[in-house]
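Here's a quick briefing to read alongside the structure. Have the viewer open and follow along topic by topic.

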Amino acid sequence: MIDAVLVWGGAATVLGGVAAMAWRSIAGARRLASRLDAVIDDWSGTEARPGVPARPGVMERLGGIEQRLTAVEHELHPNSGASLRDAVNRVDVRTARLCEETEGGPP
């Protein structure tokens, strides 16, 4: 009789341990799936829903960054006369002319 109780007690202990390990594994898998879902949402973006604005995905955000960078590069090189570089060059030429006039003027 005592042998049967010990066997059943051991079996219950083993089954409890297996159940606890399975529970922890499932909980870990759920946390991992939740994190993976968050990464996928960040990559692909999310639609707007009541009270929450839409978030663009990574590729859409990269496209916006490339457009802004193109606009900045346009301003850094001489081109049509409307860029920042052209304006700086015009100011430099005018300043050089003013310096020449003040140096060569009457004492």
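Start with helix H2, residues 58-76, which gives the most to the nonpolar patch, with three residues. Keep in mind that this is a predicted model. From there we'll go to helix H1, the loop after it, and the loop that leads into H3.

**The nonpolar patch**
- Four residues make up this surface patch: Trp43, Met59, Leu62 and Ile65.
- Together they have about 450 Å² of accessible area.
- Ile65, one of the patch residues, lies in helix H2.
- Ile65 has a relative accessibility of 49%, so it counts as partly exposed, given that exposed means over 50%.
- As background, an α-helix has 3.6 residues a turn, so residues three or four places apart point the same way.

**Helix H1**
- H1 covers residues 2-44.
- Does the end-to-end distance fit the length of the helix, or what span should we expect? At 1.5 Å a residue, the 43 residues of H1 should span 63 Å, and the end C-alpha atoms sit 62 Å apart, which agrees.
- Trp23 has its place in helix H1.
- Trp23 is exposed, because its relative accessible area is 64% and the cut-off for exposed is over 50%.
- Asp3 and Trp23 are 20 residues apart in sequence, and their C-alpha atoms are 30 Å apart in space.
- Right after H1 comes Gly45, with a positive phi near 85°.

**The salt bridge**
- The count of salt bridges comes to one.
- That salt bridge pairs Arg55 with Asp42, and the closest N and O atoms are 2.7 Å apart.
- The pair links distant parts of the chain, 13 residues apart: Asp42 is in helix H1, while Arg55 is in the loop between H1 and H2.
- Arg55 counts as partly exposed because its relative accessibility is 43%, which falls between the 20% and 50% cut-offs.
- Asp42 also counts as partly exposed, with a relative accessibility of 41%.

**Thr46, in the loop between H1 and H2**
- Thr46 is found in the loop between H1 and H2.
- Is Thr46 buried or exposed? Its relative accessible area is 19%, so Thr46 is buried, the cut-off being under 20%.
- Leaving out residues up to four places away in sequence, Thr46 touches Asp41, Ala54 and Arg55.
- Arg55 thus turns up twice, as a contact of Thr46 and as a salt-bridge partner of Asp42.

**Ser83, in the loop before H3**
- Ser83 is found in the loop between H2 and helix H3, which covers residues 84-104.
- Ser83 is buried, with a relative accessible area of 2%.
- Which residue makes a polar contact with the side chain of Ser83? The side chain of Asp86 does, at 3.1 Å.
- Not counting residues up to four places away in sequence, Ser83 touches His74, Glu75, His77 and Pro78.

Conventions: Residues are numbered from 1 along each chain as its sequence is written. This is a predicted model: local features need pLDDT of at least 70, side-chain atom pairs count only at pLDDT 80 or more; totals for chains, interfaces and linings use all residues. Side-chain values use heavy atoms; hydrogens and water are left out. Patches are made of residues with over 30% relative accessible area and no salt bridge: like charges are joined within 9 Å, nonpolar side chains (Val, Leu, Ile, Met, Phe, Trp, Tyr) within 5 Å. Accessible areas come from the Shrake-Rupley method with a 1.4 Å probe; for residues, only the protein chains shown count as cover. A salt bridge is a side-chain nitrogen of Lys or Arg within 4 Å of a carboxyl oxygen of Asp or Glu. Helices (H or I, at least four residues) and strands (E, at least two) are DSSP runs, numbered from the N terminus. Buried means under 20% relative accessible area, exposed over 50%, partly exposed in between (1.4 Å probe, protein chains only). Contact means heavy atoms within 4.5 Å. The expected span of a helix is 1.5 Å times one less than its number of residues. A polar contact is a pair of N or O atoms within 3.5 Å; within protein, one must be able to donate a hydrogen and the other to accept it, and residues adjacent in sequence count only if both atoms are side-chain atoms.
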